[in-house]
Amino acid sequence: MRTLTLKMDQIHIPIFSYHFHLFVFSLLLSFDNHIHIFHNNNNTSSQFHSSSSIVTLQDSFLNHPFLFSHKSRRFYHRHHHHHHRSFTFETNSLQYDFYHDSCPRAERIVRAAIRELHRSRPSLIPAIIRLAFHDCFIQGCDASVLLDADDYIDSEKESPPNQSLKGFDVIETIKSKLEEACPGVVSCADILVLAARDCVALAGGPFYPLNTGRRDGSNSFSDIATFELPSPYGDLSEIIASFKTRGFNEREMVTLLGSHSIGVIHCKFFQDRLYNFAGTNEPDPSLDTEFLKLLRSRCNHTNALSSATLGHNSHGSPSSLVEEPGVDMDFEQTRPDFGTVYYHSLLQGRGVLYSDQQLMKGKTTKKWIKAYAYDPTLFHRDFALVMMKLSDLRVLTFPMGQIRCKCSKIA
């Protein structure tokens with residue numbers, strides 16, 4: 001395993017900026033590895049969503065003079081205090097390029113599988129990101145959401161908030177390829193966060209570095225998932241409290257929810273706003289008439305009711321052959337930028353989920369919605385940081401945990 005030694009007395013990094021510079025250094029290493037991989041596999045990096053997947057985040061750091069300027073101390077104090085103080089990280093004994101010796105092609109295998117997914121089943125790209133969030137939010141990034149139920153395990157898959165999750169088969173397929181290349185080496189927990197990272201980049205979001213070395217848990221937490229995942233019906237105070245229990249402040253919460261700019265939201269998650277808000281048999285009065293008509297055109301009353309009864313099998317596919325009705329998050333098809341469409345929709349009072357539109361009720365949350373709506377570079381940078389933080393939540397590292405042979409079964 002490679003070791004990196006920094007001689008601090010020679011590089012003269014101010015002590016209070018050390019952690020941020022270390023993050024940037026890791027980022028540059030990751031970019032170099034990322035570009036090298038795509039050059040080897042494709043002789044071009046254009047098969048990723050666009051070069052902006054990489055360059056947007058890279059430029060947002062490299063263009064800041066505090067990284068290399070002699071005036072870095074003053075600039076960093078002013079800029080970092082206002083824009084980075086809310087993002088904190090714990091390494092949890094994870095390491096950059098953990099599989100360099102034990103499975104050197106690990107990240108390339110994950111990336112190739114996700115690139116093929118983007119070509120053949122693009123609707124699952126946002127589903128993988130959601131799957132990673134639902135895993136990490138419940139007892140940390142330990143791949144517990146991937147476990148099937150058995151005599152000793154109540155699967156998180158079967159908890160009500162998780163019954164619409166998809167992409168389990170994708171992660172299992174990647175795991176089988178890694179088992180062929182490096183048996184018993186790469187954890188399902190690492191596969192899931194790496195796959196989500198590559199999905200973000202393919203969706204037009206930032207590419208961000210991830211340390212690896214997570215190990216898989218041996219339990220699943222159905223009850224905790226049922227009661228502690230953020231509810232699409234929650235008001236602002238409930239949403240803030242939910243994220244706070246996982247160490248995310250209001251800004252980070254708004255940043256993470258920017259992933260709602262892609263994918264489809266099924267009608268069952270907002271049908272009450274259209275037909276029976278708060279038991280009144282009337283629509284949500286905060287919905288303007290035209291937006292209400294648009295949502296009802298996608299989710300008529302009959303379809304909305306039937307979608308609530310559709311189940312899912314253990315692979316995350318609908319148990320019925322009928323696809324659940326829903327609304328594409330880019331329903332106006334006017335803003336392709338990752339994140340931008342979501343924040344502009346909230347500013348216009350056109351948030352599909354009740355919980356999303358609730359973000360406009362808070363002074364702090366509204367401030368960051370406005371900031372991200374008009375500064376995509378700021379959002380991409382912050383989204384990269386907060387996804388790194390999410391991916392490091394309560395991870396298991398050796399000697400804790402295990403390496404599963406199949407992601408759906410404990411070893």
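The legends below describe an overall view and two close-up views of a predicted model.

**Figure 1. Overall view of the predicted protein model, with its helices and strands.** The protein holds 18 helices and two strands, and of its 411 residues 53% count as buried. Among the contacts in the protein with a separation of 6 or more, 76% are accounted for by residues 24 or more positions apart. The accessible surface of the protein comes to about 19,100 Å², and carbon and sulfur atoms contribute 53% of that surface.

**Figure 2. Close-up of Ser155 in the loop between α6 (124-137) and α7 (168-181).** Ser155 has a relative accessible area of 1%, and because buried means under 20%, Ser155 is classed as buried. A polar atom of the Ser155 side chain lies 2.6 Å from the backbone oxygen of Leu147. When neighbours within four places in sequence are left aside, Ser155 is in contact with Leu147, Asp148 and Ala149, and also with Ser220 and Ser222.

**Figure 3. Close-up of His260 in the loop between α11 (250-256) and β1 (264-266).** The UniProt record, an unreviewed entry, carries the annotation "binding site" for His260. The relative accessible area of His260 is 23%, and His260 is therefore partly exposed, since this class lies between the limits of under 20% for buried and over 50% for exposed. Apart from neighbours within four places in sequence, the residues in contact with His260 are Met329, Tyr342, Leu353 and Asp356.

Methods
Residues are numbered from 1 along each chain as its sequence is written. This is a predicted model: local features need pLDDT of at least 70, side-chain atom pairs count only at pLDDT 80 or more; totals for chains, interfaces and linings use all residues. Side-chain values use heavy atoms; hydrogens and water are left out. Helices (H or I, at least four residues) and strands (E, at least two) are DSSP runs, numbered from the N terminus. Buried means under 20% relative accessible area, exposed over 50%, partly exposed in between (1.4 Å probe, protein chains only). Contact means heavy atoms within 4.5 Å. Accessible areas come from the Shrake-Rupley method with a 1.4 Å probe; for residues, only the protein chains shown count as cover. A polar contact is a pair of N or O atoms within 3.5 Å; within protein, one must be able to donate a hydrogen and the other to accept it, and residues adjacent in sequence count only if both atoms are side-chain atoms. UniProt positions are given in the numbering used here, feature names are shortened, and annotations may be inferred rather than shown by experiment.
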